[in-house]
Every structure is written in C-alpha cells, then in structure tokens.
Amino acid sequence: MQLKCSRKREIQMIDHEAFAVIRADSKYVMGIMPNGDEWFLPHRSSVKAIAAAAPELMQASHSVLVAREHVVGVSGNSKHRLLHTTVGEYRISRLIPHQPFVAAAAVNASAAYWPNCQRIKSSQRDAATAL
C-alpha cells in the first residue's frame, strides 16, 4: 500500500512496508523508518485502516503497529509491558497477548538480522527472566 507521506517541505510516496513503526499521536499518524526518520502519513489515514490493509504488521496497541522484523524484545509485567524495537520502545496493550512479540524477537535474534546480535540475545534473556 503506497502512502503519500510528508515531512518538513518534502512529499514522497512510500510503501507501508518501508516503515519500522506506524503510530498515532493525538491527531496525526506517523511512520517511523528504520533509520529513525519520521514521516506524517496522509491526513485521513488511521492506524485501524492501515492494520486492516497490512495484516503483516503487528498491533501493539490501538495506536501502534510494528513491523515484525524490527522487534527486539519485550520487558515488564502484565500491566506495564514494553515492546523494544530498533527505533524505540512502545507500550503493549494489556488486551494484546505478548507471546507473538517474544517469538518475533527470538526469530530476529537467531536469524542475525542485525550485526550486534549478541546484544539483542542478551537483552532477550533479560526480558525472558523478567517475565
């Protein structure tokens, strides 16, 4: 799904798969690239509509969608669970099971998606002991 995104004075068509995280922030929907660049998504877009059109994105809460390959780990207890991604940390809703995020983080660490895979594996061990 192509989205007409903007930032500063630049407008560009970007595919939804290029974003690591899509999040809603008050009245705007932002797409965050793997390098940390933030783009405003079109005015009438919503996280719910993007989630329906892109089922490969994992929904962490009603306002956050995460690409599976950017999940690093999960920490915290049932009321205050955090999802760690390559571009930041986001709260996981209590209504959404955390096991798919833990499984995605384990797959990402074992597949060596990132050059610093040892750091990711140790953070997952810490997250697994915290659960």
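Glu38 is partly exposed, with a relative accessible area of 35%, where partly exposed is the class between buried (under 20% relative accessible area) and exposed (over 50%), computed with a 1.4 Å probe on protein chains only. The model is predicted, so local features need pLDDT of at least 70 and side-chain atom pairs count only at pLDDT 80 or more, whereas totals for chains, interfaces and linings use all residues. Residues are numbered from 1 along each chain as its sequence is written, and side-chain values use heavy atoms, with hydrogens and water left out.

**Salt bridges**

Side chains of opposite charge can pair when their charged atoms come close. The structure holds four salt bridges, each defined as a side-chain nitrogen of Lys or Arg within 4 Å of a carboxyl oxygen of Asp or Glu. The table gives three pairs, among them the one formed by Glu38.

| Pair | N to O distance |
|---|---|
| Arg23 and Glu38 | 3.3 Å |
| Arg7 and Asp37 | 3.3 Å |
| Arg7 and Glu10 | 3.5 Å |

In the salt bridge between Arg23 and Glu38, Arg23 lies in strand E3 (residues 21–25) and Glu38 in strand E5, so the pair ties together parts that are 15 residues apart in sequence; strands here are DSSP runs (E) of at least two residues, and helices (H or I) of at least four, numbered from the N terminus. Arg23, at 17% relative accessibility, counts as buried, while its partner Glu38 is partly exposed.

Arg7, Glu10 and Asp37 are linked in a network of salt bridges. Within this network, Arg7 pairs with Asp37; Arg7 belongs to strand E1 (residues 2–7) and Asp37 to the loop between strand E4 (28–32) and strand E5 (38–40), so the contact ties together parts that are 30 residues apart in sequence. The relative accessible area is 23% for Arg7, which is partly exposed, 29% for Asp37, also partly exposed, and 34% for Glu10, again partly exposed.

**Aromatic pair**

The structure also holds one aromatic pair, a term used for rings of Phe, Tyr and Trp (its six-membered ring) with centres within 6.5 Å, the planes counting as stacked under 30 degrees apart, edge-to-face over 60 and tilted for the rest. The ring centres of Tyr28 and Phe40 are 5.4 Å apart and their planes stand at 65 degrees, so the pair is edge-to-face. Distant parts of the chain are linked by this pair, with Tyr28 in strand E4 and Phe40 in strand E5, 12 residues apart. Tyr28 is partly exposed at 41% relative accessibility, and Phe40 is partly exposed at 35%.
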